[in-house]
Amino acid sequence: MAEASRWHLGGTPKHKLHYREDVEIRTTLQELLLYSIFLINLCILTFGMVNPHMYYLNKVMSSLFLDTSVAGEERTNFKSIRSITDFWKFMEGPLLDGLYWDSWYNNENLYDLKNSSRIYYENILLGLPRVRQLKVRNGTCKVHSFFRSLMDECYDKYTSKNEDTADFGLKQHTEWKYSSPRTNSPWHWGFVGVYQNGGYIFTLSKSKSETLNKFINLRMNSWITRGTRVIFIDFSVYNANVNLFCIIRLVAEFPATGGILTSWQFYSVKLLRYVSFYDYFIASCEIIFCIFIIVFTIQEIKKLKEFKFAYFKSIWNWLELLLLVLCFSTVFFSLYSNMQIYRMIGRLLRNTEKYSDFYFLAYWHIYYNNIIAITIFFAWIKIFKFISFNKTMSQLSSTLSRCIKDIIGFAIMFFIIFFAYAQLGFLVFGSQVDDFSTFQNAIFTQFRIVLGDFNFAGIQQANRILGPIYFITFIFFVFFVLLNMFLAIINDTYSEVKADYSIGRRPDFQLGKMIKKSYNNALEKLKLKKPETDEDKKRENKDLAEKARREGFDEKEIQSAEQMKKWKERLEKKYYSTEIQDDYQTVTQQEFRDLFLYAVELEKELHYVSLKLNRVMRKVSALQ
């Protein structure tokens, strides 16, 4: 009989189960500590890549080339260009003044101007700026027969098929002759098209006067034609004070509708990554990051061999795989960008009489930044894997996992209505309101409306009847009905989870208890906290009894409550302890007797509460 009581019906001894649970908790704790070190290392690595001077360098350069107005015309700058005349005024005015800094403010020469210009006296202009144009051929679209007598030329929007590659104008220099694009150059995504490299290209001179004469010559000989679809102005600067490159691209698109749309890109990047002692510290963090990747990869391979296809049933395992893929992608992009930088930067800096194409290097560096930003995002999300040691966080995860089916059903209904309104807004207001100019813009505009950011005046002006109807019905159905349904789903599920936790149907928080116990033990050893004794518990019970007497409870009720509390503590110690309890554990006669007495006392208390409620209800009925 004693032997049977030591063994569960499953055949596993209690002490082995307890040992196995202890090992599992300690393994989880070690995994949490190891991952915390990895996350701290990754944070140091990512924040070490970002320099606050990047923002200020971008701001200085953008204000110089975007906000500087043409002399005598305060309203004409790069942002406000709307015609070819405005474009040439910018080229011959603010652009030249921004690129060529001939002397100090008192006309004193501080450096050798033959080497290169220094924008704001601190930023070295690398190589020569480049201007590039892409055109389309005549006849790439058809003119309706009604208008052929008035117009026989037709220039469609830019595509690689419609691109004009024939020489034009003076046909003497590179600006009049087509240059084929390089295969490794990235394409540019503009407002009205996607543009490849190549085209009609010329570089500026190191002399401001020569460059001005060049612009005048191009303007007088009509370098910009009806077939022009985009002009790029590319150049790069380097600031040695903060070890940053700023790659600048100014874009003027000439859509088929006429006019000009301007856009710009300012990329401040740290291409020379290892210069200071802090940079070498970041390099050591990168090595540690690679070691962590190898360790995590080995762990996942072991799990995959152990669980096989069951491994893919856990969402956390999918997150682990995604994180590993992102980490390996980060390492690949880092190695590739560094190889390209060290392979090309020397050659680009030596050719000071040509255009230095740092845009390609900045392009890959920006991709590397984006990948590592996504990596650290999912690295933080993985923290939720270890939230089971906290009751509140466990309630959150339980709520989300329990209501996921309801949320999916709600999402289907929500997006049906949402996309219906988006298409309505696009068709009704798309030709007059910028926020609805495309279907994608209409979708994001509706999300902004939900958040309270909207332009009702523009909608009403576009259509005085359908505009208010669209706005009011959208706010009513999406904001007042659907969003409140979503909140109701979350709220009801959270109430169910909280009720389950209150009656004991909850996961065990062994890891949290172990952390709390270790923390208390450490405080006691450091003599920062006194250990809890039986005298403290008796004193606490005595204080509770005195408080109950002051509130009007008699001695019999107090003794009954104390007896129930002792039974509850004894039963919880037996059945809700941190040790693993088997579903088929045998119950002794004494344990059954304690449970029975506890149930009887609970029945008495419920009967007493029921009598009081009936008494209150009769008094309420008598008052009515």
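The following paragraphs lead through one predicted model, from a sheet of strands to a helix and then to its aromatic rings.

Strand β7, residues 244–253, is a suitable place to begin. How many of its residues are buried? The count is 10 of the 10, so the strand is largely enclosed by the rest of the structure. The side chains of β7 point in two directions: Leu244, Cys246, Ile248, Leu250 and Ala252 point one way, while Phe245, Ile247, Arg249, Val251 and Glu253 point the other way, and all are buried.

Strand β7 has partners in β6 and in β8. Strand β6, residues 228–239, runs antiparallel to β7 and is joined to it by 10 bridges. In one of these pairings, asparagine 239 has leucine 244 of β7 as its bridge partner. The two strands form a hairpin with 4 residues between them, and asparagine 243 in the turn has a positive phi of about 55 degrees. Strand β8, residues 261–269, is likewise antiparallel to β7, with 9 bridges between the two. Here isoleucine 247 stands opposite tyrosine 267.

Helix α5, residues 208–220, offers a check by simple arithmetic. At 1.5 Å a residue, its 13 residues should span 18 Å, and the C-alpha atoms at its ends are 18 Å apart, which agrees. Which residues of α5 are buried? They are Thr211, Phe215 and Leu218. These residues cover an arc of only 65 degrees around the axis, which puts them on the same side of α5. The general rule is that an α-helix has 3.6 residues a turn, so residues three or four places apart point the same way. On the other side of α5, Asn213 and Met220 are exposed. The cover over the buried residues of α5 includes α4 (84–99) and β5 (200–203). Just after the helix, serine 222 takes a positive phi of about 55 degrees.

Positive phi values also appear in loops. Tyrosine 121, although it is not a glycine, has a positive phi of about 65 degrees; this residue is found in the loop between β1 (118–119) and β2 (123–135). Lysine 171, also not a glycine, has a positive phi of about 55 degrees and lies in the loop between β2 and β3 (188–189). With a relative accessible area of 49%, lysine 171 is partly exposed, because exposed requires over 50%.

The aromatic rings remain. A pair of such rings is described by the distance of the centres and the angle of the planes. The structure holds 58 aromatic pairs. In one of them, phenylalanine 332 and tyrosine 336 have ring centres 6.2 Å apart and planes at 20 degrees, so the pair is stacked. Being 4 residues apart in helix α7 (residues 315–350), phenylalanine 332 and tyrosine 336 are separated by about one helical turn. Tyrosine 336 is partly exposed, at a relative accessible area of 25%.

How are the rings of phenylalanine 436 and tyrosine 470 arranged? Their centres are 6.0 Å apart and their planes are at 80 degrees, so this pair is edge-to-face. The pair links distant parts of the chain, 34 residues apart: phenylalanine 436 is in the loop between α10 (404–429) and α11 (439–450), and tyrosine 470 is in helix α13 (residues 466–502). Phenylalanine 436 counts as buried at 1% relative accessibility, and tyrosine 470 counts as buried at 2%.

Finally, a ring may have a lysine over its face. Lysine 135 lies over the face of tyrosine 200, at 5.5 Å from the ring centre, and lysine 382 lies over the face of phenylalanine 296, at 5.2 Å from the ring centre.

Technical notes:
Residues numbered from 1 in each chain as written. Predicted model: local features only at pLDDT ≥ 70, side-chain atom pairs only at ≥ 80, totals over all residues. Heavy atoms only, no water. Phe/Tyr/Trp six-rings, centres within 6.5 Å; stacked < 30°, edge-to-face > 60°. Buried < 20%, exposed > 50% of the residue type's maximum accessible area, 1.4 Å probe, protein only. Lys NZ or Arg CZ within 6 Å of the ring centre and 35° of its normal. Expected span 1.5 Å × (residues − 1). Arc of directions from axis to C-beta. Contact = heavy atoms within 4.5 Å. Pairing = 2+ DSSP bridges.
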